[in-house]
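Opened the notebook for a walk through this one. I want to see what holds the pieces together, starting with a term I keep needing.

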Amino acid sequence: MNDRSLTVLHIEDNTDHAHLVARALQKHRPVDVRLVEDGEAALDYLLRQGEYRDPQTSPRPHLILLDLRLPKIDGLEVLQAIKTNEALLSIPVVVFTSSDAEKDVARAYAVHANSYLVKPVGFDEFSETIELLNSYWLDWNCYPQPCA
Amino acid sequence: MLGQLFAAQRDLHLQPTRAGLAEFIAETLAVVPGVVSCRVCMPGVSPTPDELDGEACRHCTALREDLAPAGTDAAEVNCALADMPDMHTVALKTAGRRDGFFVFKVDDPDAFAAYEPFLTGFAHCVALGLEGRMQKDLLKKTGERLKANVAARERAEEKLHERADLDQILLDSLPPVAMLLRPKTREIVACNKAGREVGAVPGKTCFGTWGRSDKPCPWCLAPEIWATGKPQHLETEGVGRIWDAHGIPVADDLYLHYASDITERKRAEEERENLITELETQNAELERFTYTVSHDLKSPLVTIKGYLGLLEEDIADGDADAIRDDVKRIAGAADKMDRLLSELLALSQIGRLVNPPENVALEGLAREAVELVGGQIAAGGVQVEISPDLPTVAGDRPRLLEVLQNLIDNAVKYMGDQPRPRVEIGARPDDEETICYVRDNGIGIEPRYQERIFNLFDKLHPKTEGSGVGLALVKRIVEVHGGRIWVESKGAAEGSTFCFTVPPKAPSTDAEEVEK
């Protein structure tokens, strides 16, 4: 359906979860999943700072998967930074967290999250969620501009 | 006959009553030649008209105040008797004051006329006698009245004194300090017992005595009272207490100052506020705790169930390496969960477990803690130094050991690639307290993250072991002891110094406090 090379930036400190997500995303087709494990590294990646300076090795993502509880800079702060940055705000950000607290949902939408998903406990549900997310955001969703 | 009359005149004063006197005179004067009968008309003894010659009395105005005002003399009265030629009157009067009349019934006017001057003199004598008697009576009465007045006055004064005593008792039994003051000079005119107890001395200034100062208190109400003439009120501190002070003008140059000591009430209010704040903090902490616990406990579950699913797939594929990886991750998540649960249990028990407070020498405790972390210290080749000037503190020994153990463990854990890893446990004096510290030359912490690291489950380094409970636990133990904890670090690769205070003496860290 879509032959573009698709990049997902996964911001997640739990490497087990990151691995589960990557496997589910890449199950049916290649997806370039870039993992950063704390908020500071996430912003460095997106703003092309430090070790992420080179656009070739750190391509702009088509989708961001964001955990909320992150070391150094909190997930909500990262989200706010993305959504207040002209160059970044069009990248869809899907919050993917184990927190189902209303407070977190409300706060995430208040700083313009595009979607909020609670990590399902259970392999089938987890895989299904990621697959649906894959097809919705990476296949069907239209982006305002072709990504470089 | 004249001798008889003179004798009677002499004996007039012997008559004890007015009525008796009138009768005596009437009897005496009846012997005057030409006189048929004689009556004495005096206030209080006048005969009724029927007793005398009814007709004459009815016309007589002598004793009728409405017809004969004071000062009417006998001649005028006689007018009323003019058509009764056999009736003659002689007035009894002194200094123009009429006291009564002699009324004669005469059958021989000529004979009577010869004696009339004598009768006038006699009447004068009687009047004088009467007046003397009256004045004596008056004197006596005045004396009595005077005596009564004096007694009444004495009684009134007694009552007044009693009243003044009562007023003083009333004022003295009131808890507020009450003083009458001169607004300009602040001189104390009077004060009650509470005032004297705080040092107020009548005749001296309030600031000089009560305030123990050489100038008026900065909050003094007097200028405002003086300026506005209106009552003033404020709450203020003075002589180490808190006062609810009122000033009320009572006269041009006098005002009432009364002040209640509300120190205890204020302290109770403050304590209540503190308790409320503490409770709110605890509630917020509990909420945060529940939130993080539910979130962080779910995380290993997601891993376990996720990898169980992968495991099935990998078994079906016969991918041995993947199977090993899945099992490893499942085991890791289960371990993490186990660690989380026991640490959370430890954290929740800090508020409940009570070890009796004791004096703990931190130097010995630090050696014990270093021994407990001995494995990691040896593995990392870390040099540990314990300063001999560590203080002795009062507290829950096993808990304080946990604090040191955690801090030393952290210091060793976050050494990074430091070629000469070193940990120093020491103390430095600061104002009234001693700050204990665990210093390392490891990876350091950027200032912007320094507060977050004490939050439950907040980790700066995702790859390191640990659940993010350790520092939250340490913070809680220190706070339960009434101390503070913070970290000092200039930033990445600059090393970190974890500082904490624990009160050196027992009072505020007794069993109750630890229990709380």
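Before anything else, a cut-off: I call a residue buried under 20% relative accessible area, exposed over 50%, and partly exposed in between. Also for the record, this is a predicted model.

**Entry 1: a pair across the chains**

I started with A:Arg23. At 29% relative accessibility, A:Arg23 counts as partly exposed. Its side chain meets that of B:Glu313 in a salt bridge, 3.8 Å from N to O. Why does this pair join two chains? Because A:Arg23 sits in helix H1 of chain A, while B:Glu313 lies in helix H9 (residues 263-317) of chain B. I looked up B:Glu313 as well, and at a relative accessible area of 27% B:Glu313 is partly exposed.

**Entry 2: following the charges**

B:Arg448 was my next stop. B:Arg448 forms a salt bridge with A:Glu40, with the closest N and O atoms 2.5 Å apart. B:Arg448 also has a salt bridge to B:Glu446, and there the closest N and O atoms are 3.2 Å apart. I checked B:Glu446 for exposure: with 27% relative accessibility, B:Glu446 counts as partly exposed. I then went back to the first pair and traced shared partners. Salt bridges with partners in common join A:Arg23, A:Lys27, A:Glu131, B:Glu313 and B:Asp314 into one network.

How many salt bridges are there between chain A and chain B? I get seven. Over all chains the count comes to 37.

**Entry 3: a pair inside chain A**

A:Lys119 and A:Glu12 form a salt bridge, the closest N and O atoms being 2.7 Å apart. I looked up where each one sits, and the pair links distant parts of the chain, 107 residues apart. A:Lys119 is in the loop between strand E5 (115-118) and helix H5 (123-140), and A:Glu12 is in the loop between E1 and H1. Buried or exposed, these two? Both A:Lys119 and A:Glu12 are buried.

**Entry 4: strand E1 of chain A**

A:Glu12 led me to E1(A), residues 7-11. E1(A) is mostly covered, with five of its five residues buried. I split the residues by side: A:Thr7, A:Leu9 and A:Ile11 are on one, A:Val8 and A:His10 on the other, and both faces are covered. That fits what I remember about strands: side chains in a regular strand alternate between the two faces of the sheet.

Which strands does E1(A) pair with? I found E2(A), residues 32-36, in the parallel sense over five bridges, and E3(A), residues 63-66, also in the parallel sense, over four bridges. In E2(A), A:Asp32 stands opposite A:Thr7. In E3(A), A:Leu66 is the bridge partner of A:Ile11. Helix H1 (residues 15-25) comes in here too: E1(A), H1 and E2(A) make a right-handed β-α-β unit.

**Entry 5: the whole interface**

Back out to the two chains. The contact takes 31 residues from chain A and 32 residues from chain B. Between them the chains bury about 2,700 Å², with 51% of it on carbon and sulfur atoms. On the chain A side, A:Arg69, A:Lys72 and A:Phe123 lose the most area to chain B, together 26% of what that side buries.

**Entry 6: chain B overall**

I closed with chain B. I noted 15 helices and 15 strands. Of its 516 residues, 40% are buried. Its accessible surface comes to about 28,700 Å², and 54% of that belongs to carbon and sulfur atoms.

How values were computed:
Residues numbered from 1 in each chain as written. Chains lettered and ligands numbered in written order. Predicted model: local features only at pLDDT ≥ 70, side-chain atom pairs only at ≥ 80, totals over all residues. Heavy atoms only, no water. Buried < 20%, exposed > 50% of the residue type's maximum accessible area, 1.4 Å probe, protein only. Pairing = 2+ DSSP bridges. Right-handed = clockwise from strand over helix to strand, strands pointing away. Areas by Shrake-Rupley, 256 points an atom, 1.4 Å probe, with all protein chains shown as cover. Contact = heavy atoms within 4.5 Å. Buried area = accessible area lost by both parts, 1.4 Å probe. Salt bridge = Lys/Arg side-chain N within 4 Å of Asp/Glu carboxyl O.
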